Amino acid sequence: MPDLTPVHPRGALREAAARVAAATPEGRDRAVDALRAFAVLGVVLGHWLVTALVADGGSLHTASPLRDLPWLAPVSWAFQTLAVFFLVGGHVATRGYASARTRGDSYGGWLRARLSRLFRPVAAVLALWTVTAALLLLTGADFGTVHTLVKLALSPMWFLLVFAALTAATPLLARLHPLWPLVVVLHIDLLRFGFGAPSWLGWVNLAAGWLVPYTLGAAWTRGELDRRRSGWLLLTGGTAATAALVAWAGYPASMVGVPGASVSNLNPPTLAAVTFGLAQCGLALLLRERLRRAMRRPVAWAAVALVNLSAMTIFLWHQTALMATTATGLLAGRLPGLHTPPDGLDWVAARLAWLPVFALVLAGCWATFRSCEQRGRGRRRSRVVRAHRPQHRATTAGARHV
């Protein structure tokens, strides 16, 4: 007779996690995947916490609690994690390109593979929001509201364009010292804020600023950041420089843009944002060993692997999840923490209560659109989780960080 003993959900979860752990190459550095997952989730939570869509009559406009509650600036320190993503991206790209050259793969083939994984999920976002914007305008929606929604939905794509450009330049950047782009950022800010140069000059930092953590990732690949001393130097030096710039040079304390503020640390990146990123990268490097130990736990590793397999889907759709919740909530009137001005602790408490709802809607987006990111992986297993080949360790070693 078949075994009809009910399976406990917790036991089933542990069994599934154990299968994921067993299917992961032994030589893979799981700390890299953990850092990437934390960076993506940090950006998502940061946006959900500091982005407000205020209902004003028949329109919606963006606001931020950081404007009326500036003492919440440390929230942006915890969740503005793009520097860590670029650190990991530089490390993975330079190691992957070196592995491709060893295998005899062409630069074009390597780049197409990387960019296809990066941009494959973008088409679905563009298609949905093109149709949505057109329908809203045809039904008489306020143009300002439509502009606000589309801008928020597509804002994550600026990051992808910069990341793609740096990825394409990886062969040229593999040996570039991070001090060179840091010096560029320093001089651009000196010209802008010290000598009154045009504000558009700051957009040079859009490439130079993120090039700093990207080239740190390349230095990691070269083995130059293996010592803990490197991590401590980046953490303490970056923290001290950021504190000095905020305290004495007039840079904003918030590491994300605040609507209405005269200067944004992120749009484009300023020297303060870059030095803050150095501190984050230093902390990430110091946490590598602890993360490797933590990722030995099957459940923790399975969660990290799941985020990595759908990283771009999560990143691209998290703003849509926020806006879908906001738009649906309008049917019930102006709801606290969702449509009200973010000007008090009551808004903060209400917004925290909305986070599980945003996560649930994002899970729905993930279930609907994850195939866009994973399409094409059928020909070869994911490099995050794939079958063991213990009799041929060279196969797994080549995918260690890729």
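Student: What volume does the largest pocket have?
Tutor: This is a predicted model, and its pockets were found by computation on a grid. For the largest pocket, the volume is about 1,100 Å³.

Student: Which residues are closest to the centre of the largest pocket?
Tutor: The lining counts 40 residues. Helix H2 (30-50), strand S2 (59-63), helix H4 (73-79), H8, helix H9 (157-168) and H17 each give two or more of them. Closest to the centre are His47, Leu152, Ser155, Gly257 and Asn267.

Student: How many charged residues are in the lining of the largest pocket?
Tutor: Sort the lining by class. Nonpolar residues number 22 and polar residues 17. The charged count is 1.

Student: Leu152 lies by the centre of that pocket. Which residues of H17 make the contact with H8?
Tutor: Helix H8 (residues 143-154) and helix H17 (residues 311-329) have axes that come within 7 Å. On the H8 side, the contact uses Leu149, Leu152 and Ala153. On the H17 side, the residues are Leu316, Gln319, Thr320 and Met323.

Student: Is H8 roughly parallel or roughly antiparallel to H17?
Tutor: The axes of H8 and H17 cross at roughly 150 degrees. Angles over 145 degrees count as roughly antiparallel. Therefore H8, relative to H17, is roughly antiparallel.

Student: How many polar residues does the contact of H8 with H17 have?
Tutor: Charged residues are absent from the contact of H8 with H17. Nonpolar residues number 5. The polar count is 2.

Student: Asn267 also lies by the centre of the largest pocket. Is the peptide bond from Asn267 to Pro268 cis or trans?
Tutor: Most peptide bonds are trans. Pro268 sits in the loop between H13 and H14. The bond from Asn267 to Pro268 has omega near 5 degrees, and it is cis.

Student: Which element gives the largest share of the lining of the second largest pocket?
Tutor: The second largest pocket has a volume of about 490 Å³. H2, H4, helix H13 (228-248) and H14 each give two or more residues to its lining. The largest share is 6 residues, and it comes from H13.

Student: Which residues lie nearest the centre of the second largest pocket?
Tutor: Its lining has 19 residues. By class they divide into 14 nonpolar, 5 polar and no charged. Nearest the centre lie Trp77, Ala78, Phe276, Gln280 and Leu283.

Student: Which residues of H5 meet H14?
Tutor: The axes of helix H5 (residues 82-103) and helix H14 (residues 271-286) come within 8 Å. H14 contributes Gly277, Gln280, Cys281 and Ala284. The H5 residues that meet them are Ala83, Val84 and Leu87.

Student: How are H5 and H14 oriented to each other, and what is the handedness of the crossing?
Tutor: The axes cross at roughly 60 degrees. H5 and H14 are therefore oblique to each other. The handedness of the crossing is right-handed.

Student: Which residues line the second largest cavity?
Tutor: The whole structure holds 3 cavities of 30 Å³ or more. The second largest has about 50 Å³ of space. Helix H12 (205-221) and H14 each supply at least two lining residues. The lining is Ala83, Gly209, Trp210, Pro213, Pro269, Ala273, Val274 and Gly277.

Student: How many nonpolar residues line the second largest cavity?
Tutor: No charged residue is in the lining. The polar residues number 2. The nonpolar count is 6.

Student: Trp210 lines that cavity. Which residues of H9 make the contact with H12?
Tutor: H9 and H12 pack at an angle of about 65 degrees, with axes 10 Å apart. Their crossing is right-handed. H12 brings Leu206, Trp210, Leu211 and Tyr214. H9 brings Trp158, Val162, Phe163, Leu166 and Thr167.

Student: How many nonpolar residues are in the contact of H9 with H12?
Tutor: Charged residues are missing from the contact of H9 with H12. Polar residues number 1. The nonpolar count is 8.

Notes
Residues are numbered from 1 along each chain as its sequence is written. This is a predicted model: local features need pLDDT of at least 70, side-chain atom pairs count only at pLDDT 80 or more; totals for chains, interfaces and linings use all residues. Side-chain values use heavy atoms; hydrogens and water are left out. Axes are lines fitted to C-alpha atoms, for helices over the stretch in contact, and angles run from 0 to 180 degrees between N-to-C directions. Helices (H or I, at least four residues) and strands (E, at least two) are DSSP runs, numbered from the N terminus. Angles under 35 degrees count as roughly parallel, over 145 as roughly antiparallel, 65 to 115 as roughly perpendicular and the rest as oblique. Contact means heavy atoms within 4.5 Å. Ala, Val, Leu, Ile, Met, Phe, Trp, Tyr, Cys and Pro count as nonpolar, Asp, Glu, Lys and Arg as charged, and the others, Gly among them, as polar. A crossing is left-handed if the near helix is turned anticlockwise from the far one by less than a right angle, and right-handed if clockwise. On a 1 Å grid over the protein atoms alone, a cavity is a set of points where a 1.4 Å probe fits but cannot get out, and a pocket is an open set with protein on both sides within 12 Å along at least five of seven lines; lining residues have an atom within 4 Å of a point. Grid points are joined across faces, edges and corners, and a volume is the space filled by probe spheres set on the points.
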